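This report covers charged side-chain pairing and nonpolar packing in one model. The sequence and structure come first, followed by the findings.

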Amino acid sequence: MAGKLSKVALKPVNVALGFAAGAAAGFLFKEVWKLVAGEDDAPDAGDPDRGWGEILTAAALQGAIFAVVKAAVHRGGVITTHKLTGTWPD
């Protein structure tokens with residue numbers, strides 16, 4: 001029962017962390033794109049002035065950054081939950 005209770009109690013925290021991770025990843029991607037491409041904005045897939053290579057490179061970089069941030073936040077949440085409750089969450 002304690003495992004279910006802690007899972008329910010931590011749900012809102014996980015949702016909030018997910019939003020924060022998305023915002024952080026978006027900010028990080030913009031900063032990395034500025035360094036990589038020297039531009040303030042990443043290319044939009046519908047922009048007729050951008051080529052396939054630039055658009056796909058930006059998408060791959062964005063996806064990689066989002067995945068790493070998401071994994072880091074999730075792992076941190078799991079470890080924190082384990083420290084607080086003494087059980088490893090499912």
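## Salt-bridge network

Salt bridges link Glu39, Asp47, Arg50 and Glu54 into a network. The model is a predicted one, and its salt bridges number 4. Side chains of opposite charge can pair when their charged atoms come close.

Arginine 50 takes part in three of the pairs described here. With glutamate 54 the N to O distance is 2.7 Å. With glutamate 39 the N to O distance is 3.0 Å. Arginine 50 and glutamate 39 both lie in the loop between α1 (2–37) and α2 (52–85), so this pair ties together parts that are 11 residues apart in sequence. With aspartate 47 the closest N and O atoms are 3.5 Å apart, which is a salt bridge because the cut-off for such a pair is 4 Å.

## Exposure of the network residues

Are the members of the network buried, partly exposed or exposed? Arginine 50 has a relative accessible area of 23% and is partly exposed. Its partner glutamate 39 is partly exposed at 27%. Aspartate 47 is partly exposed, with a value of 24%, and glutamate 54 is partly exposed, with a value of 26%. These residues are not classed as buried, because that class requires a relative accessible area under 20%.

## Nonpolar core

Which residues make up the largest nonpolar core? It has 7 residues: Ala21, Ala25, Phe29, Trp33, Ala58, Ile65 and Val69. At least two residues of this core come from each of α1 and α2. The greatest contribution is that of α1, which gives 4 residues. In soluble globular proteins, nonpolar side chains tend to be buried together.

Isoleucine 65, one of the core residues, can be described through its contacts. Leaving aside residues up to four places away in sequence, isoleucine 65 touches Ala25, Leu28, Phe29 and Val32. Among these contacts, Ala25 and Phe29 are also listed in the largest nonpolar core.

Key:
Residues numbered from 1 in each chain as written. Predicted model: local features only at pLDDT ≥ 70, side-chain atom pairs only at ≥ 80, totals over all residues. Heavy atoms only, no water. Salt bridge = Lys/Arg side-chain N within 4 Å of Asp/Glu carboxyl O. Buried < 20%, exposed > 50% of the residue type's maximum accessible area, 1.4 Å probe, protein only. Core = buried A, V, L, I, M, F, W, Y, C linked by side-chain atoms within 4.5 Å. Contact = heavy atoms within 4.5 Å.
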